Amino acid sequence: MTEHAAAVAHQFDDAEQQRGAAELGMWIFLATEVMFFGGMFTAFTAYRWLYPEAFTHASRHLDALLGGINTVVLIGSSLTMVLAVHGARHGHRRMLLVCLALTLLLGSVFLGVKAIEWSSKWEHGLVPGLHFTLTGADAGRQELFFFLYFAMTGVHALHLVIGICVVGVIFALAWRGHYSPEYHNPVEVTGLYWHFIDIVWIFLLPMLYLIGRHGA
Amino acid sequence: MARSAVPLYVAVFVALIVLTGVTVAVSYVDLGPASVVVALAIACVKAVLVLLFFMHLRESPGLTWVVALGGFFWLGILIALTMSDVLTRGWLPVGGP
Amino acid sequence: MTTAAAVVVEQPPLHYLNESYGVRSWLLTTDHKRVGLLYLLSLTGAFFVGGFFAVMLRLELLTPAGDLLQAETYNKFFTMHGVIMVFFFLIPSIPAALGNFILPLMIGARDVAFPRLNLASWYIYVLGAAFTTYAVVSGGVDTGWTFYTPYSTMSSTTQVMPTAIGIFIVGFSSILTGLNFIVTIHRMRAPGLTWFRLPLFVWSLYATSLIQILATPVLAITVMLLGAERLLHVGIFDPAIGGDPVLFQHLFWFYSHPAVYIMILPGMGVISELVTCFSRKTIFGYSYVAFSSIAIAVFGFLVWGHHLFVAGQSVYAAMVFSFLSYLVAIPSAVKVFNWTATLHKGTIEFRTPLFYALGFIGLFTIGGLTGLFLAALGMDVHVTDTYFVIAHFHYIMVGGMVMAYLGGVHYWWPKISGRMYPENLGRIAAFIIFLGFNLTFFPQFILGYLGMPRRYHSYPEEFQVLNVMSTAGASILGIGYLLPMIYLLWSLRYGEPASDNPWNATGLEWQTPSPPPRDNFEHTPVVTTAPYDYPGREVVVD
């Protein structure tokens with residue numbers, strides 16, 4: 001038995017006010033996330049400017065192909081997510097469920113590739129503080145790069161894990177018929193969060209993987 | 001009945017993939033200091049596409065635009081003023097590294 | 001319903017305090033008023049714990065020798081005083097306790113936009129406090145509340161990690177409160193309540209919330225990077241690998257300077273309410289005061305480098321930050337001028353809240369002006385890291401913020417509790433606090449100027465007289481703070497029952513019973529008038 005569209009919560013006057021509040025609330029949350037990641041972007045900018053050669057050498061240790069594949073995967077998951085929202089808006093239950101499931105799948109693929117990348121870093125002794133074996137004049141500054149690499153991709157992956165869990169919950173609720181064209185706020189705001197994770201990665205790709213790929 | 005937005009989403013997706021390919025390819029070309037600018041510019045275009053079309057910013061009220069742009073602008077303040085220190089530390093030959 | 005022969009018993013009116021009983025109804029509440037009280041309780045606890053450490057510091061400083069506490073212990077005490085007072089009292093205080101309670105009432109709403117998120121933010125606060133309490137009882141932390149690297153990441157052997165985790169967690173409480181308030185103010189104002197009909201307290205909460213959402217995340221990531229570096233013994237602030245400790249300071253102060261505006265802006269909002277009510281006048285220059293709140297919030301983000309003047313920052317950046325720091329004083333000055341102009345030729349009612357407001361205006365002005373001394377590069381080299389800085393920020397935080405907090409608590413006490421506090425005791429306590437405060441902190445300006453450094457447990461003989469005065473003042477201040485604790489609790493049972501609007505004040509919060517019912521208003525109010533239309537209104541309570 002499917003459940004009806006959720007009632008309007010008591011503090012709101014009508015469904016439109018509730019929807020507007022949910023949307024504004026999520027956008028504001030995303031602004032806080034921009035600042036959260038932003039602290040690391042600031043540190044990266046400073047050191048990238050201070051140590052261009054070391055950062056270039058360090059960046060070459062990363063696998064640009066895997067980075068590119070992961071970018072395609074994540075952008076693909078954004079497509080499936082926006083299609084899921086489209087399904088919710090127009091009452092296309094199958095589209096909603098299939099696209100949420102694909103989003104889950106693609107998000108997991110991203111994490112899988114990330115795991116492969118990280119274990120490769122471990123094998124090559126490129127994990128600061130735990131197993132870092134680079135030597136040479138600029139080893140320290142490369143260690144700085146890798147610290148930021150793990151910090152930024154790690155925090156990003158954590159957000160992705162949370163996103164996958166949330167999408168999973170949304171999927172379960174959608175399966176039980178909680179959403180309709182009149183009420184599907186959770187799907188909309190989950191979509192916003194998911195796309196934000198995509199945007200962060202859009203910047204991480206060139207910053208981390210593509211520094212000075214030309215040249216030896 | 002409004003036209004379906006699905007073709008638009010797919011078109012944006014294709015554009016994003018193409019731009020991803022471009023940014024990877026361009027990184028193998030020696031553009032000197034312009035490399036950073038080009039890479040950032042492409043990333044910004046991709047982000048704007050996601051914001052406008054996937055996040056429906058195009059159809060959102062003005063307040064949403066303020067929030068979206070405000071976040072990035074504020075990050076700009078953090079980076080710019082921090083870099084004002086980092087960039088100018090070496091200018092005065094008095095003490096320091 | 002009952003038969004004609006049954007006796008009809010008059011039920012006491014239902015309001016938010018008696019509509020349900022039991023621990024669960026409080027711990028699972030989604031009523032913004034109860035959440036506000038949960039915060040009020042926690043904040044009071046934090047204030048006294050932080051105050052305990054302050055008492056110990058002042059006791060040590062009675063004598064020049066470091067004879068009460070060892071240096072390491074003293075370091076822990078000033079650190080924990082700072083951490084607890086800043087993160088667990090000052091930052092949440094007015095927004096979480098008074099704002100949560102009053103904001104929906106002021107805008108004619110039934111609750112905030114996200115009531116469950118509101119309760120969650122309190123639990124997050126408690127969780128953060130738990131980690132910090134653990135740090136305190138398991139040996140303490142000695143890095144200073146500023147956690148500068150590399151000492152905090154590499155050298156300190158104290159409980160840095162639990163404290164860092166506690167601060168990381170409590171930051172999210174602040175972020176969620178800010179988020180909730182912004183959405184509430186944008187989306188849930190009563191019909192007719194346009195932006196320029198809003199009480200100025202709402203404007204100040206809005207500006208505060210902007211800072212909370214934009215600045216606090218940077219603190220969170222900075223504390224996280226600090227924790228990672230401490231754990232891994234290597235990190236981005238580590239000079240050994242090319243890291244920059246000054247970068248830590250940039251990231252830390254990017255939050256911590258706007259944080260001081262999180263602390264003071266709501267206080268300023270309270271003062272606007274008190275000054276209009278107790279001079280029976282419309283605020284002078286409403287839009288200037290409203291926009292100055294936004295201006296303080298915005299400019300406050302551009303000045304953090306003034307904390308790094310002697311840290312190794314580029315002198316060119318320092319000059320930019322110095323100039324911007326002068327600019328940020330302007331909107332604050334605008335507020336002081338407007339409050340003064342409001343009082344001028346008003347019909348002054350010398351009630352307890354106004355005592356606190358007047359104290360605020362004077363003490364905040366002194367504190368703010370001394371900030372300008374510190375913004376001057378040359379002067380700062382002389383007085384930075386001395387008691388001059390300590391006096392400066394305590395004048396604003398204690399002389400300003402805490403007085404505004406007490407003023408607000410007293411002003412809205414009838415609304416919150418349905419009781420009046422004892423007016424004479426209120427005035428006496430306010431006076432004692434004012435006296436104690438000045439005796440504690442004015443000598444510290446002189447001490448700092450004469451060169452006494454901060455964060456030292458011993459000092460040269462010639463500074464003793466001023467230190468003794470300061471400690472004497474602190475004891476008086478402590479007594480002053482205890483008095484409201486006692487008589488406010490007393491009033492819950494024995495205080496005069498309050499009417500809906502004992503001050504005959506303007507504002508929607510006074511258009512509903514004291515205490516308010518669960519959903520605040522029987523019918524959503526419709527606003528048609530400008531704010532603060534006081535002229536002609538009498539004060540009702542004698």
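**Helix H5 of chain A**

I started with helix H5 of chain A, residues 139-175. I checked its length against its residue count: 37 residues at 1.5 Å each should span 54 Å, and the end C-alpha atoms lie 52 Å apart, so the two agree. The model is predicted, and I read local features only where pLDDT is at least 70. Next I looked at what follows H5(A). There I found Gly177(A), with a positive phi near 80°.

**Chain B against chain A**

I looked up how many residues meet here. I noted 35 residues of chain B in contact with 36 residues of chain A. On the chain B side, three helices each give at least two residues: H1 (6-26), H2 (34-54) and H3 (62-88). I then asked which helix of chain B gives the most. It is H3(B), with 14 residues. By class, I recorded 25 nonpolar, eight polar and two charged residues on the side of chain B that touches chain A.

**Chain C against chain A**

I repeated the lookup for chain C. Here 32 residues of chain C contact 30 residues of chain A. The elements giving two or more residues on the chain C side are H7 (160-187), H8 (200-232) and H9 (245-279). H8(C) has the largest share, 10 residues. The class split for the side of chain C that touches chain A is 23 nonpolar, six polar and three charged.

**H9 and H14 of chain C**

I turned to helix pairs. Two packed helices are described by the angle between their axes and the distance between the axes. I took H9(C) with H14(C), residues 387-417. Their axes come within 9 Å and cross at roughly 50°. That angle makes H9(C) oblique to H14(C). The crossing is left-handed.

I listed the residues that meet. From H9(C) they are Met263(C), Ile264(C), Gly267(C), Val270(C), Ile271(C), Glu273(C) and Leu274(C). From H14(C) I have nine names, including Gly400(C), Ala404(C), Gly407(C), Gly408(C) and Tyr411(C). This contact divides into 11 nonpolar, four polar and one charged residue.

**H9 and H10 of chain C**

How do H9(C) and H10(C) run, roughly parallel or roughly antiparallel? Their axes come within 10 Å and cross at roughly 175°. An angle over 145 degrees counts as roughly antiparallel, so H9(C) is roughly antiparallel to H10(C). On the H9(C) side I found Tyr261(C), Leu265(C) and Ser272(C). They meet Val289(C), Ser293(C), Ile296(C) and Ala297(C) of H10(C). I counted five nonpolar, two polar and no charged residues in this contact.

**H10 of chain C by itself**

H10(C) covers residues 286-299, 14 in number. I read 20 Å from its first C-alpha to its last, close to the 20 Å expected at 1.5 Å a residue. Which of its residues are buried? They are Tyr286(C), Val289(C), Ala290(C), Ser292(C), Ser293(C), Ile296(C), Ala297(C) and Phe299(C). What covers these buried residues includes H8, H9 and H11 (315-343) of chain C.

**Pro239 of chain C**

Last, I went to the loop between H8 and H9 of chain C, where Pro239(C) sits. I found 13 C-beta neighbours inside 10 Å, so Pro239(C) counts as partly exposed. I also took a C-alpha to C-alpha distance from Pro239(C) to Arg189(C). They are 50 residues apart in sequence and 52 Å apart in space.

Conventions: Residues numbered from 1 in each chain as written. Chains lettered and ligands numbered in written order. Predicted model: local features only at pLDDT ≥ 70, side-chain atom pairs only at ≥ 80, totals over all residues. Contact = placed C-beta atoms within 7 Å. Helix = DSSP H or I, 4+ residues; strand = E, 2+ residues; numbered from the N terminus. Nonpolar A, V, L, I, M, F, W, Y, C, P; charged D, E, K, R; others polar. Axes fitted to C-alpha atoms, helices over the stretch in contact; angles between N-to-C directions. Parallel < 35°, antiparallel > 145°, perpendicular 65-115°, else oblique. Left-handed = near helix turned anticlockwise from the far one by under 90°. Expected span 1.5 Å × (residues − 1). Buried ≥ 20, exposed ≤ 12 C-beta atoms within 10 Å, placed from the backbone.
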